[in-house]
Amino acid sequence: MILVGLTGGVATGKSTVARMFHQCGASIIDADLLARQVVEPGRPAWRDVVKAFGRGILRPDRTIDRAALAGIVFADYRKLRRLGAIIHPRVAREQAKHVRAIVEKHPHAVIIYDAPVLVEAGAHERMDRLAVVTARRDTQIARLRRRNGFSRAEALRRIRSQMPLSRKRRLADDVIDGDRPLAELRRQVARLFRTYSAMA
């Protein structure tokens, strides 16, 4: 088994790369999905988030309005860290459970842990390898404006709320260029998957 942490910056192409790894045969664990599950209504993390940020972040069905919460935490780094302190340990426990379940069935699995704040949460230290998807800032801004309807200022604020890509690149075992055309990106991912399979 090999556990590869896949991360990058917002709108660098990380989700596209994760899909490509899945098409190659990798098992994918999606940290965003785990983060949504741990804050389902009534769960301990849900209670802690509501206590920290108020009932104004709740929809009528008591689920957390992720857009409302993002508007709060991405405007204040201390609040972003506070949210991370509530969610990251719970996500880490869920991730470990998923890894065990995969390895029981497939002892030589290539497991890709797709996590946007992998390095920020310190989770990269638990990985066998770290793969970082990068893109030029102009690419990130254009994708955020197209995908999320952000203004340029909003896009920049979201990008700057994350750890700089340059720092993630320095920690990476493998750097994947999210600016490449899809066919080239697919070839790079396929090469990396063969490397990971051999290591697993």
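1. In this predicted model, helix α6 passes helix α7 in a right-handed crossing. The two helices, α6 at residues 137–148 and α7 at residues 152–160, pack at an angle of about 120°, with their axes 9 Å apart. The pair therefore counts as oblique. On the α6 side the contact is made by R137, D138, Q140, I141, L144 and R145, and on the α7 side by R152, A155, L156, I159 and R160. Sorted by class, the contact of α6 with α7 holds five nonpolar, one polar and five charged residues.

2. A second helix pair is formed by α1 (residues 14–24) and α9, whose axes come within 9 Å and cross at roughly 55°. The two are therefore oblique to each other, and α1 passes α9 in a right-handed crossing. From α1 the contact takes T16, V17, M20, F21, Q23 and C24; from α9 it takes L182, L185, R186, V189, A190, L192, F193 and Y196. The residues of this contact of α1 with α9 divide into eleven nonpolar, two polar and one charged.

3. The sheet is open and has five strands in the order β2-β3-β1-β4-β5, with parallel pairing. Its edge strands are β2 (27–30) and β5 (174–177), each of which pairs on one side only. Neighbouring strands are turned by 25° against each other on average, with direction ignored. Helix α9 (residues 182–199) packs on this sheet and touches β1 (2–8), β3, β4 and β5. The direction of α9 makes about 160° with that of β5.

4. Strand β1 pairs with β3 and with β4. Five bridges join β1 to β3, and these strands run parallel; in this pairing L6 stands opposite D114 of β3. With β4, strand β1 pairs in the parallel sense over five bridges. Here V4 stands opposite R129, and the bridge partner of T7 in β4 is V132.

5. How many residues of β1 are buried? Seven of the seven are, so the strand is largely enclosed by the rest of the structure. I2, V4, L6 and G8 point one way from β1, while L3, G5 and T7 point the other way, and all are buried.

6. Strand β4 (residues 129–134) is joined to β5 by four bridges, and the two strands run parallel. V132 stands opposite V175 in β5, and V133 stands opposite I176 in β5. V132 is also the β4 bridge partner of T7. Strand β4 is mostly covered, six of its six residues being buried. Both faces are covered: R129, A131 and V133 lie on one side and L130, V132 and T134 on the other, all of them buried. R129, the residue opposite V4 of β1, is thus listed among the buried residues of β4.

7. Is D114 buried or exposed? Its relative accessibility is 6%, so D114 counts as buried, the cut-off being under 20%. D114 lies in strand β3 (residues 110–114). Residues up to four places away in sequence aside, D114 touches L6, K14, A18, I28, I29, D30, A31 and D32. Among these, L6 is the β1 residue that stands opposite D114. L6 is itself buried, on the side of β1 that also carries I2, V4 and G8.

8. M127 is placed in the loop between β3 and β4. With a relative accessible area of 9%, M127 is buried. Which residues does M127 contact, leaving aside its neighbours within four places in sequence? They are L3, V4, G5, Q95, Y113 and L118. Of the β1 residues, L3 and G5 point one way and V4 the other. M127 and C24 are 103 residues apart in sequence and 20 Å apart in space, C-alpha to C-alpha. C24 is one of the α1 residues in the contact with α9.

Key. Residues numbered from 1 in each chain as written. Predicted model: local features only at pLDDT ≥ 70, side-chain atom pairs only at ≥ 80, totals over all residues. Heavy atoms only, no water. Buried < 20%, exposed > 50% of the residue type's maximum accessible area, 1.4 Å probe, protein only. Contact = heavy atoms within 4.5 Å. Axes fitted to C-alpha atoms, helices over the stretch in contact; angles between N-to-C directions. Parallel < 35°, antiparallel > 145°, perpendicular 65-115°, else oblique. Left-handed = near helix turned anticlockwise from the far one by under 90°. Nonpolar A, V, L, I, M, F, W, Y, C, P; charged D, E, K, R; others polar. Pairing = 2+ DSSP bridges.
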